[in-house]
Amino acid sequence: MKFTPRLPDENVNVSRTHPLAELAWLLGGLLLLCLLVFGGLGLAVDLTVDHLPTRVENWLGDYARRQFPARESAPLQRRLDALTAVLPPGSPLRDRIFRVRLSSDPRVNAVALPGNTIVIFSGLLDAVTSENELSMVLAHELGHFAHRDHLRQLGRGLVITAVAALLFGERSGVTELASDLFLTWQASYSRRQEAAADAYALELLVARYGQAAGATDLFARLAAKKGRRPSRLLASHPYPEKRIELLRQLIEQRGFPIAERTPLGDDLRRLSAEEAGKGE
């Protein structure tokens, strides 16, 4: 009898499919899995933001402050305290204690960090010409806290870090590694988030001073400086002209008065001069 070799019947170990076709299926499956995980993390951001334990947010705050070296400032804290004192009744921010810190950074910038911390850059302090302008910026950052934007901007990295913190503890090596790899502090806010924070800030500014002077001054002056890269306050969407237009519309619609601006005060001027002296 002549032996005729042939392939065994198809089973779990033998396939009649071409190896390249199987490789394509494998790669396609892996890509689909990655897309599902990526999409799932995106959907989980809002859920994580709304249910993030306080202890995890406080740990995130400690981590964030290491990314933005800054010092406490009594003059800035007094302006922030004056704003939080007029927060609307029932505001969830009333249950928190906010701190503002000053960073010796020449950029015109301010950030809201987890753990109820606002960082004002020295470049912004140098740019403002009235207390109203400074209060508008502080109130804008409070608006991001009210809407939980300061956590949403961390994106999918927040989900991964929060899961690691809950599974392994906030100070574990796994959580530290996850935060180093996936957390980013450079993401900008969306157009909707910025517009909502501007509207929130305008209401708080009027509650503080009884009028809306200074609401658009800083934006208008910085936007007019041509040839310079816009600060984060202006670089994020919508464009500064649109933000100014929306604020002016709100002022008109709500009938907010415009009156005299409150000067910066000697304490803020001295603080700004000290920071300017460091750069010389």
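**Sheet, ring contacts and pocket lining in a predicted model**

Arg79 lies in helix α3, which spans residues 74-84. The model is a predicted one. With a relative accessibility of 10%, Arg79 counts as buried, because the cut-off for that class is under 20% relative accessible area. Arg79 is 53 residues away from Asn132 in sequence. In space, the two C-alpha atoms are 9.7 Å apart.

Two further pairs were examined in the same terms. Val56 is found in helix α2. Its relative accessibility is 1%, so Val56 counts as buried. The partner considered is Ala165, 109 residues apart from Val56 in sequence. The C-alpha to C-alpha distance between Val56 and Ala165 is 7.0 Å. Ala223 belongs to helix α10, residues 217-223. Ala223 is partly exposed, at a relative accessible area of 27%. This value places Ala223 in the middle class because that class lies between the limits of 20% and 50%. Ala223 and Glu241 are 18 residues apart in sequence. Their C-alpha atoms are 7.5 Å apart in space.

The sheet was considered next. Strands of a sheet pair through backbone hydrogen bonds, either parallel or antiparallel. Here four strands form an open sheet, and the pairing is mixed. The strand order is β1-β2-β4-β3. β1 and β3 (110-113) stand at the edges. Each has a single partner strand, so one side of each is left without a neighbour in the sheet. Strand β2 covers residues 99-103 and runs parallel to β4. Five bridges join β2 and β4. Within the sheet, Leu102 stands opposite Ile120 of β4.

β3 and β4 pair in the antiparallel sense, over four bridges. Leu113 faces Thr117 of β4 across this pairing. Both faces of β3 are covered. Ala110 and Ala112 lie on one side, Val111 and Leu113 on the other, and all four are buried.

The connection between β3 and β4 has backbone features of its own. Three residues lie between the strands of this hairpin. Gly115 takes a positive phi there, near 85 degrees. Most residues other than glycine have a negative phi, and most peptide bonds are trans. Asn116 is found in the loop between β3 and β4. Asn116 is not a glycine, yet its phi is positive, at about 65 degrees. Asn116 counts as buried, at 14% relative accessibility. A positive phi also occurs at Arg148, near 65 degrees, again in a residue other than glycine. Arg148 lies in the loop between α5 (131-146) and α6 (149-152). With a relative accessible area of 15%, Arg148 is buried.

Asn116 and Arg148 both line the second largest pocket. Rolling a probe the size of a water molecule over the atoms shows where empty space is left. The second largest pocket has a volume of about 150 Å³. Its lining also includes Asp50, Leu52, Pro53, Thr54, Glu57, Asn58 and Arg96. Helix α2 gives the most to this lining, with three residues. By class, the lining holds two nonpolar, three polar and four charged residues.

Ring contacts were searched over the whole structure, and two aromatic pairs were found. One of them is formed by Phe68 and Phe121. The ring centres are 6.5 Å apart, and the planes make an angle of 45 degrees. This geometry is tilted, because the angle is neither under 30 degrees nor over 60. The pair links distant parts of the chain, 53 residues apart. Phe68 sits in the loop between α2 (54-67) and β1 (71-72). Phe121 is in strand β4, residues 117-121. Both Phe68 and Phe121 are buried.

Two arginines were found over aromatic rings. Arg208 lies over the face of Tyr209, at 4.5 Å from the ring centre. The charged end of Arg243 sits over the ring of Phe219. The distance from that end to the ring centre of Phe219 is 4.6 Å.

Note on methods. Residues are numbered from 1 along each chain as its sequence is written. This is a predicted model: local features need pLDDT of at least 70, side-chain atom pairs count only at pLDDT 80 or more; totals for chains, interfaces and linings use all residues. Side-chain values use heavy atoms; hydrogens and water are left out. Rings of Phe, Tyr and Trp (its six-membered ring) pair if their centres lie within 6.5 Å; planes under 30 degrees apart count as stacked, over 60 as edge-to-face and the rest as tilted. Helices (H or I, at least four residues) and strands (E, at least two) are DSSP runs, numbered from the N terminus. Buried means under 20% relative accessible area, exposed over 50%, partly exposed in between (1.4 Å probe, protein chains only). A charge sits over a ring if NZ of Lys or CZ of Arg is within 6 Å of the ring centre and within 35 degrees of the ring normal. Two strands pair if DSSP finds at least two bridges between them. On a 1 Å grid over the protein atoms alone, a cavity is a set of points where a 1.4 Å probe fits but cannot get out, and a pocket is an open set with protein on both sides within 12 Å along at least five of seven lines; lining residues have an atom within 4 Å of a point. Grid points are joined across faces, edges and corners, and a volume is the space filled by probe spheres set on the points. Ala, Val, Leu, Ile, Met, Phe, Trp, Tyr, Cys and Pro count as nonpolar, Asp, Glu, Lys and Arg as charged, and the others, Gly among them, as polar.
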